[in-house]
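Here's a quick look at how a protein and its DNA partner sit together, followed by a glance at the protein interior. Have the structure open as you read.

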Protein chains: 2
Amino acid sequence: MRDTRDKILDASLALFSKKGFLGATTKEIAKKAGVAELTLFRHFSSKERLFEEMIASHSFLPALKGLLPELKELSYRDALAQIAGRFLNRLSERRDLIKIMHSEIHLYPAKVREIQQNLVGEIVKTLASYFRGMQEGGLLKEFDPELGARAFLGMFFQYFTNQEFVVESKQKFENRDAVIREYVNIFVSGTEAGKSNNWSGSRDGVI
Amino acid sequence: MRDTRDKILDASLALFSKKGFLGATTKEIAKKAGVAELTLFRHFSSKERLFEEMIASHSFLPALKGLLPELKELSYRDALAQIAGRFLNRLSERRDLIKIMHSEIHLYPAKVREIQQNLVGEIVKTLASYFRGMQEGGLLKEFDPELGARAFLGMFFQYFTNQEFVVESKQKFENRDAVIREYVNIFVSGTEAGKSNNWSGSRDGVI
DNA sequence: CATTAATGTTAGCGCTTACTTACATTTTTA
DNA sequence: TAAAAATGTAAGTAAGCGCTAACATTAATG
């Protein structure tokens, strides 16, 4: 049955994420999947193969192919907020995979790099090419587009991991949208006091 | 002997970092420390206690107590570069501990939070209070100082983990100082095209 | 130098783990 | 409905793990 295989894959994702590769036992995975342990081994020749196939089955995702055109119809701020939001969504969806990625770098450096690539690489490229376009239009300053993309996404990746894996009682900065707004604003216009950019508008409520 | 204890603690840091708590065996740790396995258990009643004491012995560090006054004598850009540099240095020094922190969140959530707190908390506060001072002096825009500090350090934390744990052949962005310069610049004056901030000076060498 | 403390050596216990064998039972398929 | 494929049950194997016991050896101490 195709169903059984998937149930095992899903259970293994959850348990590898929660307890790590060594900490999750095949017996436990089978139990969580609602199958006999032997059935697990009939589908996957070893625990290691199960791990690899689980990773393979969960790690690819396109998800923002046609995003670039959309961005061009938004203001710079809105475009960045859009990217940040989607990025955070994707990270949330792939929460378990990211946890595994953090836990098992030593076991599977290649696989982990592959996940990272699939998860971040595409969005970095999309954002970088958006920056390039805007720079050519004279709308942005000169900076390395890919480096800029990594800086921008890095702020959010770090925010995400901190929220998901470190913070316990969802404290101060749980307001996702407020964080996005503030980070985007910093990225757009910086922090140094200057002429215009006060943008005091939507700060304390009311719009 | 005091020496023996420390040798075991050091060996356990290295191996827990490399293979995780479950992956590192007491036999292997003892061998790396150059002692008999039994000696390890005479110093630490269990593998778990060894792990905890190792964490405790490595996780505290003040390291930038008197930094704030120093910062006030620097330009905004230089102050941020200074902070970023010190932050990256600290992360490099504590490389192994950070790896463990990533690997063992599920086992020791409390301990991991404590490390994170010791490692990042102090520097966040220092930077935030620097921001506050600068804002009161009218030198910076209005933004949440702690959130700003987290955004700034987040860019670098992400850069660090990417370099250390993901990238293999030190590729494109190995130039630490160039990354610091670009990130600081983005943070200071943003990315949106405006009036002044071309700052084309020290971009390609030659100051 | 004699006593005590710290370490080494070896062997092993009890437990868990990934994985297997043999056979019964269910489910799917033709 | 009969053959075939998928799953279950139960028992067990071999290996590795954390950890201990008993005793010998070395190093530090007074």
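## Backbone versus bases

In this predicted model, 57% of the atoms of DNA strand D that lie within 4 Å of the protein belong to sugar or phosphate, with the rest belonging to bases.

Both sides of that split show up in the polar contacts. On the base side, A:Arg42 puts a polar side-chain atom 2.6 Å from a base nitrogen of DNA strand D. On the phosphate side, a polar side-chain atom of A:His43 sits 2.8 Å from a phosphate oxygen of the strand, and B:Thr26 has one at 3.1 Å from a phosphate oxygen.

## Who lines the strand

There are 18 residues around DNA strand D, and the ones that come nearest are A:Thr4, A:Thr39, A:Arg42, A:His43 and B:Lys47. Sorted by class, the surface near the strand has eight nonpolar, seven polar and three charged residues.

As for helices, helix 3 (37-43) of chain A and helix 3 (37-43) of chain B each chip in at least two residues of this surface. Helix 3 of chain A gives the most, with four residues.

## Inside the protein

Away from the DNA, have a look at the largest nonpolar core, which has 132 residues. Those touching the most other members are A:Phe131, A:Phe152 and A:Phe156, along with B:Phe131, B:Phe152 and B:Phe156.

Take B:Phe131 as a worked case. Setting aside neighbours within four places in sequence, B:Phe131 is in contact with B:Tyr76, B:Leu80, B:Leu140, B:Phe143, B:Pro145, B:Gly148, B:Ala149 and B:Phe187. In soluble globular proteins, nonpolar side chains tend to be buried together.

How values were computed
Residues are numbered from 1 along each chain as its sequence is written. Chains are lettered from A and ligands numbered from 1 in the order in which they are written. This is a predicted model: local features need pLDDT of at least 70, side-chain atom pairs count only at pLDDT 80 or more; totals for chains, interfaces and linings use all residues. Side-chain values use heavy atoms; hydrogens and water are left out. A residue is near a molecule or strand if one of its heavy atoms lies within 4 Å of it. A polar contact is a pair of N or O atoms within 3.5 Å; within protein, one must be able to donate a hydrogen and the other to accept it, and residues adjacent in sequence count only if both atoms are side-chain atoms. Ala, Val, Leu, Ile, Met, Phe, Trp, Tyr, Cys and Pro count as nonpolar, Asp, Glu, Lys and Arg as charged, and the others, Gly among them, as polar. A nonpolar core is a set of buried Ala, Val, Leu, Ile, Met, Phe, Trp, Tyr and Cys residues joined through side-chain atoms within 4.5 Å. Buried means under 20% relative accessible area, exposed over 50%, partly exposed in between (1.4 Å probe, protein chains only). Contact means heavy atoms within 4.5 Å.
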